[in-house]
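Reader: I've got this model open and I'd like a close look at one part of it, the stretch with the bend. Could you walk me through that part and then set it in the rest of the chain?

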Amino acid sequence: MKPPLLSCCLALCLASVSCERHVELKREIAALDAAIKRDEAAIGQYEKDIAALGGSEALSRIVEQAQIKDEQLRPLAFVNAPRERRLKSIETEFAKLKPAAEAFKAAQPK
C-alpha cells in the first residue's frame with residue numbers, strides 16, 4: 001500500500017473507532033510513518049551508491065573491459081604453446097636421462 005493511501009485508510013479507521021483506540025492507532029500511524037521515512041532514506045542511499053558505482057551502465061562497461069582484456073590475452077595463448085611443447089620435450093629428455101644419472105651416482109665410490 002502506498003504511504004498516502006495508508007494514511008487515509010488509517011485516518012478513516014480512526015474516525016470510526018472508539019476514543020480509547022485513538023491513542024493506540026495514532027501511535028501505530030506514527031510508527032508506520034517513521035518506518036516509511038527510514039525506507040525512503042535507505043532507497044535514496046541505495047540510489048546514490050548505485051550511481052557512484054556507475055549506475056546501470058556499469059554492466060555494459062564491465063563486459064566491454066572483459067572483451068578488451070580477452071583480446072589482449074588471446075595472442076599470449078599462441079605464444080605460450082610453442083614454449084610448452086619445448087618444455088615437455090626437455091622434461092621427456094630428463095626423464096630418459098634420470099635412470100642413467102641414478103646408476104652413475106650409485107656406481108661412484110663414497
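Author: Let's start right at the kink. Helix 3 bends by about 35° at L97, and a proline, P99, follows within four residues. Keep in mind that this is a predicted model, so we're talking about computed geometry throughout.

What about L97 itself? It sits in helix 3, and with a relative accessible area of 51% it counts as exposed, because the cut-off for that word is over 50%. L97 also has partners on the surface: together with I90 and F94, L97 makes a nonpolar patch of about 330 Å². So if you're looking at the bend, you're looking at a residue of that patch too.

Now for the charged side chains in this part. K96 and E93 meet in a salt bridge, at 3.9 Å from N to O. The cut-off is 4 Å, so the pair does qualify. The two are three residues apart in helix 3, which means about one helical turn separates K96 from E93. As for cover, K96 is exposed, with a relative accessible area of 57%, while E93 counts as partly exposed at 44%.

There's a second pair to look at in helix 3. R74 forms a salt bridge with D70, and here the closest N and O atoms are 3.2 Å apart. R74 and D70 are four residues apart, so again you get a separation of about one helical turn. R74 is partly exposed at 44% relative accessibility, and D70 is partly exposed as well, at 42%. A search of the whole structure finds two salt bridges, and you've now met R74 with D70 and K96 with E93.

Zooming out to the full length of the helix: helix 3 covers residues 58–107, and its 50 residues should span 74 Å at 1.5 Å a residue. The end C-alpha atoms are 68 Å apart, which agrees with that expectation.

And the rest of the chain? The protein has three helices and zero strands, so reading from the N terminus you simply get α-α-α. Of its 110 residues, 7% count as buried. The accessible surface comes to about 9,800 Å², and carbon and sulfur atoms account for 64% of that.

Last, a word on confidence. The protein averages a pLDDT of 82, and 82% of the residues score at least 70. Among its elements, helix 2 (residues 19–52) has the highest mean pLDDT, 88, whereas helix 1 (residues 3–16) has the lowest, 64. Where pLDDT is low, the predicted coordinates shouldn't be read in detail.

Note on methods: Residues are numbered from 1 along each chain as its sequence is written. This is a predicted model: local features need pLDDT of at least 70, side-chain atom pairs count only at pLDDT 80 or more; totals for chains, interfaces and linings use all residues. Side-chain values use heavy atoms; hydrogens and water are left out. Buried means under 20% relative accessible area, exposed over 50%, partly exposed in between (1.4 Å probe, protein chains only). Accessible areas come from the Shrake-Rupley method with a 1.4 Å probe; for residues, only the protein chains shown count as cover. The expected span of a helix is 1.5 Å times one less than its number of residues. The bend at a residue is the angle between axes fitted to the seven residues ending there and the seven starting there. Patches are made of residues with over 30% relative accessible area and no salt bridge: like charges are joined within 9 Å, nonpolar side chains (Val, Leu, Ile, Met, Phe, Trp, Tyr) within 5 Å. A salt bridge is a side-chain nitrogen of Lys or Arg within 4 Å of a carboxyl oxygen of Asp or Glu. pLDDT is the predictor's confidence in each residue, from 0 to 100.
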